[in-house]
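This briefing introduces one structure to a reader who has not met it before. Please view the sequence and the model first.

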Amino acid sequence: MKGIVAFDSMYGNTKNVAEAMADEIRAQGHEVALVNIGQTLKFDDDGDFILIGSPTRMKQMTFRTKRFIKKVRKKYVGKPGAAFETTLRVPTDPVARQKASKWIDNAAGEKIKAMAEEGGIRMFGEVLRAEVVDTYGPLMPNTLDRSREFVRRFLDSLQVEGREG
Ligand SMILES: Cc1cc2nc3c(=O)[nH]c(=O)nc-3n(C[C@H](O)[C@H](O)[C@H](O)COP(=O)(O)O)c2cc1C
């Protein structure tokens, strides 16, 4: 199979997550194309499945990510997809957690998932939340390993589907 990993990124953190995901797809024996949504108007969007990720900004995916989904979703009707996001880390202190939740819960990833689903892409139930320590990064420890594990679960779900279908 061939996968597309499309991402937007201002400071490079979501890009790092996307690169780790693409690496893992390759390691699992598939072809992959990385698409930097912010840099290319013409991109390789020919895949059997698609992963889409964005930094969270004011609880939203970036405008460019939205435009990208609108552009490609017709091509992926009935095909599998998954969403990922970067967000600020969740504070461990419960009071701070409560305060931060309005910026962190139902963030870019859930919105990507909803929008892609609406367009007919068969989205993976789980959304990957990758946390940054601060606005500019870096990513929280172990995030790249978690990203690879997420990809393996996603790919496993395709195999299960294949067996059932
Ligand atoms: C203008 C602005 C708005 C932001 N809004 C949110 C937000 O609503 N929730 C959140 O968790 N993080 C927010 N952040 C932090 C970003 O999620 C963080 O900068 C991003 O994940 C870094 O990814 P990147 O390096 O790929 O750009 C915001 C950052 C900026 C600069």
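**Briefing: ligand shell, nonpolar core and helix α4**

Of the 21 residues around the ligand, those that come nearest are Met 10, Tyr 11, Asn 13, Thr 14 and Thr 86; a residue is near a molecule if its C-beta atom, placed from the backbone, lies within 6 Å of it. The model is predicted: local features need pLDDT of at least 70 and side-chain atom pairs count only at pLDDT 80 or more, while totals for chains, interfaces and linings use all residues. Residues are numbered from 1 along each chain as its sequence is written.

**Ligand shell**
- At least two shell residues each are supplied by α1, β4 and α3 (94-104); helices (H or I, at least four residues) and strands (E, at least two) are DSSP runs, numbered from the N terminus.

**Nonpolar core**
- The largest nonpolar core has 40 residues, and Val 5, Ala 6, Met 21, Leu 51, Ile 52, Ala 83 and Phe 84 touch the most other members.
- Elements giving two or more residues to this core include β1 (2-7), α1 (13-27), β3 (49-55) and β4 (80-88).
- The largest share of this core, six residues, comes from α1.
- Such a core is a set of buried Ala, Val, Leu, Ile, Met, Phe, Trp, Tyr and Cys residues joined through C-beta atoms within 7 Å.

**Helix α4**
- Buried residues of α4 include Ala 108, Gly 109 and Ile 112; buried means that 20 or more other C-beta atoms lie within 10 Å of a residue's own, with C-beta atoms placed from the backbone.
- Just after α4, Gly 120 takes a positive phi of about 100 degrees.

Note on methods:
A residue is buried if 20 or more other C-beta atoms lie within 10 Å of its own, exposed if 12 or fewer, and partly exposed in between; C-beta atoms are placed from the backbone.
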